[in-house]
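Here is a short report to read beside the model. Start at one loop residue, then move out to the whole chain.

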Amino acid sequence: MALKDQYKILEFKDLGDERGNLVVIEGEGMDIPFDIKRVFYIYGSDSEVVRGQHANRETEFLMVNVGGTSKVRVDNGSEEEIIELNRPGMGLYLSTMIWKDMYDFSPDSILLVLASRHYDGTEYIRDYEEYLKEVQREGKM
Ligand code: TYD
């Protein structure tokens, strides 16, 4: 599958007014394709840290830098792309089986992640060689 079909950059409406900004993300096909089962956020990572470095067999994600900026490198085993998350209204949707690295965190970066599944360590692939093997196997099916 082409990488461009495995991730999507989304823009969420800002319902803010003179009192400030308000961005809403609704699940189940409203603003993002999945039902939100889990939320986590990453902050306080130094600029030289690389996080992620895994792919998920089952989980889809939506990432938003609600504060600060970071970069996400997505890789499907044959193509890669780097996306800078730099606005609270910008979301990066990731389908399953994408290898991702998050890095270049600004000191004020707060990376909010919405996930389609509860945490299950067994659906994470943390070894890149194993990831490539599984991608190749999928491609042959
Ligand atoms: P890790 O997957 O390394 O984080 P990142 O994707 O940000 O690099 O997760 C760090 C630890 O936290 C690891 O031991 C797994 C655990 N964890 C959970 O228990 N639940 C979760 O939802 C997440 C994302 C991680």
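## A loop residue and its contacts

Leaving aside its neighbours within four places in sequence, which residues is Asn-86 in contact with? The partners are Gly-68 and Thr-69. Contact here means heavy atoms within 4.5 Å. Asn-86 sits in the loop between strand S6 (80–85) and strand S7 (90–94). Asn-86 counts as partly exposed because its relative accessibility is 36%. The classes are buried (under 20% relative accessible area), exposed (over 50%) and partly exposed (in between), with a 1.4 Å probe and protein chains only. From Asn-86 to Lys-133 the C-alpha distance is 33 Å, with the two positions 47 residues apart in sequence numbering.

## Basis of the model

This is a predicted model, in which local features need pLDDT of at least 70 and side-chain atom pairs count only at pLDDT 80 or more, while totals for chains, interfaces and linings use all residues. Residues are numbered from 1 along each chain as its sequence is written, and side-chain values use heavy atoms, with hydrogens and water left out.

## Overall fold

The protein chain has ten strands and one helix. Its order along the sequence is β-β-β-β-β-β-β-β-β-β-α. These elements are DSSP runs, numbered from the N terminus: helices are H or I with at least four residues, strands are E with at least two.

The radius of gyration is 15 Å, which agrees with the value near 14 Å for a compact globule of 141 residues. That radius is taken over C-alpha atoms, and the globule rule is 2.2 Å times the number of residues to the power 0.38. The C-alpha trace spans about 55 × 35 × 25 Å along its principal axes. Of the 141 residues, 41% count as buried. Among contacts with a separation of 6 or more, 77% join residues 24 or more positions apart. The exposed surface is about 8200 Å², and carbon and sulfur atoms supply 48% of it. Areas come from the Shrake-Rupley method with a 1.4 Å probe; for residues, only the protein chains shown count as cover.

## Lys-100 and the cavity

Is Lys-100 buried or exposed? Lys-100 is buried, because its relative accessible area is 3%. This residue belongs to strand S8 (residues 99–103). Beyond its neighbours within four places in sequence, Lys-100 has contacts that include Arg-51, Gln-53, Ala-55, Phe-61, Val-72 and Leu-94. Tyr-41 is 59 residues from Lys-100 along the chain, and their C-alpha atoms are separated by 16 Å.

Lys-100 also lines the largest cavity, along with residues including Ala-55, Asn-56, Phe-61, Leu-94 and Ile-98. The structure holds one cavity of 30 Å³ or more. The largest cavity has a volume of about 30 Å³. Its lining has five nonpolar, four polar and one charged residues. Ala, Val, Leu, Ile, Met, Phe, Trp, Tyr, Cys and Pro count as nonpolar, Asp, Glu, Lys and Arg as charged, and the others, Gly among them, as polar.

On a 1 Å grid over the protein atoms alone, a cavity is a set of points where a 1.4 Å probe fits but cannot get out; a pocket is an open set with protein on both sides within 12 Å along at least five of seven lines; lining residues have an atom within 4 Å of a point. Points are joined across faces, edges and corners, and a volume is the space filled by probe spheres set on them.

## The largest pocket

The largest pocket holds about 260 Å³ of space. It is lined by 14 residues, and Met-1, Gln-6, Asn-76, Val-135 and Glu-138 are the closest to its centre. By class, the lining has five nonpolar, eight polar and one charged residues.

## Positive phi and Arg-57

Glu-28 has a positive phi, near 55°, and is not a glycine. Glu-28 lies in the loop between strand S1 (7–11) and strand S2 (38–43). Its relative accessible area is 62%, so Glu-28 is exposed. Gln-53 also has a positive phi, of about 55°. Gln-53 lies in strand S3 (residues 51–56) and is partly exposed at 40% relative accessibility.

Arg-57 lies in the loop between S3 and strand S4 (61–67). Its relative accessible area is 31%, so Arg-57 is partly exposed. Not counting residues up to four places away in sequence, Arg-57 touches residues including Glu-123, Glu-130 and Glu-134.
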